[in-house]
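Trainee: I would like to learn how to read this model feature by feature. Where should we begin?

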There are 2 protein chains.
Amino acid sequence: MSPKALLFDVFGTCVDWRTSIARAAAALGLPGEPVADAWRARYQPQLDTVRRGEREWVVLDVLHREALDDVLDTLGLELGEAERDELTRAWHRLDPWPDTVAGLTRLKRRYAIAPCSNGHIAQSVNLARYAGLPWDAILGAEIARAYKPQPEVYLASVAALGIEPAEAMMVAAHNGDLVAAAACGLRTAFVARPREYGPGQQSDLRADGDVDVEAADFLALADALGA
Amino acid sequence: MSPKALLFDVFGTCVDWRTSIARAAAALGLPGEPVADAWRARYQPQLDTVRRGEREWVVLDVLHREALDDVLDTLGLELGEAERDELTRAWHRLDPWPDTVAGLTRLKRRYAIAPCSNGHIAQSVNLARYAGLPWDAILGAEIARAYKPQPEVYLASVAALGIEPAEAMMVAAHNGDLVAAAACGLRTAFVARPREYGPGQQSDLRADGDVDVEAADFLALADALGA
């Protein structure tokens, strides 16, 4: 049986955050890749404080701004307040991978498509408008007020579409995301993004475990799903 | 100053529910327009029970199904359970007005666009896919778990976009919707849909009060908003 909807991880799976953030940082006179890598390295530990209930759910802009202050402090870099705000908003303007828009456009003809991202609605809308991601709806962390891989994020996204978990397929370049989605009953598709973390990437080069589909990019995913 | 986002009423403003529901009812052997009108007449009284806190917020499918049972009973019409479920889903397949898709497509180039409807997310996604409504996000009743004109529906929709109320414009064919939106600080645009309720429509033929824009259709709205 075919799924009715496809849910997508966004950072890394749909868009190349590292190149985009490095470019935005460099445009402000900062060392691009070191800032991008150090910024992203603070991401999961920050989300963990929310997942463990140590702080209330807040939108990613707040976490990104806090982490940027820490990155600049740690790397000994100077940047004014207005530029820090501007650079934080760079997470709303990330380039899609070359196959992303064409693949989503094909997939949308047959399936409802939506992000199931840890990004909030405003960030997701701005990113979709910047990158041309043709979503049918914006689902994910904000409607659940939780962060993946907490099960409520997947389950709230599926419930919002009025379907059962088995009628949805989670698409991600990260094995951990797919393991969590599968535990909630969703089907899973792994799409490799082997340069997400740069040329030396060691993890998530292929699906670790059982997935329903493994595809080289979104066009291959559309082929595999008959779209 | 230009708004950043446009929020749209959907039933009546974007889509012609009466013609579409009458056709779906007639396809099941029922008298089309009497069923459509009787069904819609139960809508606001039903929403009132949620607005007054007499019942928990539920998705519109539940209310539509309850009202359909009452309509058929009142009109003395027979219909099986499966056909009642099918007819309830007709609210997910409503035809757009002739200018709707072309107008939204133009408006989307300049503004973020989203429904701020009493429809739930699943209904809004299915309707958008059926009618070709190119929304950037699905906002409205479900993210607020309230029903317009309760202020939290407008305010939650604006907050989800990360903007201030004055940066959003509510677009509707219903004066009451615009009065409520304006009370929340949103700008307002009235677009007349003089046949929404059929040839004898007496109300909402024009804007009653102060609105920021009054337009004959969505193409005229795009003209007025420079899109």
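Mentor: Begin with the sheet. In chain B, an open sheet of 6 strands runs in the order 3-2-1-4-5-6, with parallel pairing. Strands pair here if DSSP finds at least two bridges between them. Helices (H or I, at least four residues) and strands (E, at least two) are DSSP runs, numbered from the N terminus.

Trainee: Which strands of chain B stand at the edges?

Mentor: Strand 3 and strand 6 of chain B. Each has a single partner strand, so one side of each lacks a neighbour in the sheet. Two ground rules before going on. This is a predicted model: local features need pLDDT of at least 70, side-chain atom pairs count only at pLDDT 80 or more, and totals for chains, interfaces and linings use all residues. Residues are numbered from 1 along each chain as its sequence is written, chains are lettered from A and ligands numbered from 1 in the order in which they are written, and side-chain values use heavy atoms, with hydrogens and water left out.

Trainee: How do I read the pairing of a strand?

Mentor: Strands of a sheet pair through backbone hydrogen bonds, either parallel or antiparallel. Take strand 2 of chain B. Strand 1 (residues 5–8) of chain B pairs with strand 2 in the parallel sense over 4 bridges. There, Ile113(B) is the bridge partner of Leu6(B). Strand 3 (residues 139–140) of chain B also runs parallel to strand 2, joined by 2 bridges. Cys116(B) stands opposite Leu139(B), and Ser117(B) opposite Gly140(B).

Trainee: What unit do strand 2 and strand 3 of chain B make with helix 7?

Mentor: A right-handed β-α-β unit, with helix 7 spanning residues 121–131. Right-handed means that, with the strands pointing away from the viewer, the path from the first strand over the helix to the second runs clockwise.

Trainee: How many residues of strand 2 of chain B are buried?

Mentor: Buried means under 20% relative accessible area, exposed over 50%, partly exposed in between (1.4 Å probe, protein chains only). In strand 2 (residues 112–117) of chain B, 6 of the 6 residues are buried, so the strand is largely enclosed by the rest of the structure. Both faces are covered: Ala112(B), Ala114(B) and Cys116(B) on one side, Ile113(B), Pro115(B) and Ser117(B) on the other.

Trainee: Now the aromatic pairs. How many are there over all chains?

Mentor: Rings of Phe, Tyr and Trp (its six-membered ring) pair if their centres lie within 6.5 Å; planes under 30 degrees apart count as stacked, over 60 as edge-to-face and the rest as tilted. The count is 16 over all chains. One of them, Trp17(B) with Tyr197(B), is edge-to-face, at 5.4 Å centre to centre and 75 degrees between the planes. Trp17(B) lies in helix 1 and Tyr197(B) in the loop between strand 5 and strand 6 of chain B, so the pair ties together parts 180 residues apart in sequence. Trp17(B) counts as buried at 0% relative accessibility; Tyr197(B), at 39%, counts as partly exposed.

Trainee: And between the chains?

Mentor: Contact means heavy atoms within 4.5 Å. The contact takes 18 residues from chain B and 18 residues from chain A. Buried area is the accessible area (1.4 Å probe) that two parts lose on being put together, summed over both. Here that is about 1300 Å², with 58% from carbon and sulfur atoms. Arg129(B), Asp136(B) and Ala160(B) supply 38% of the area that chain B buries against chain A, more than any other three residues.
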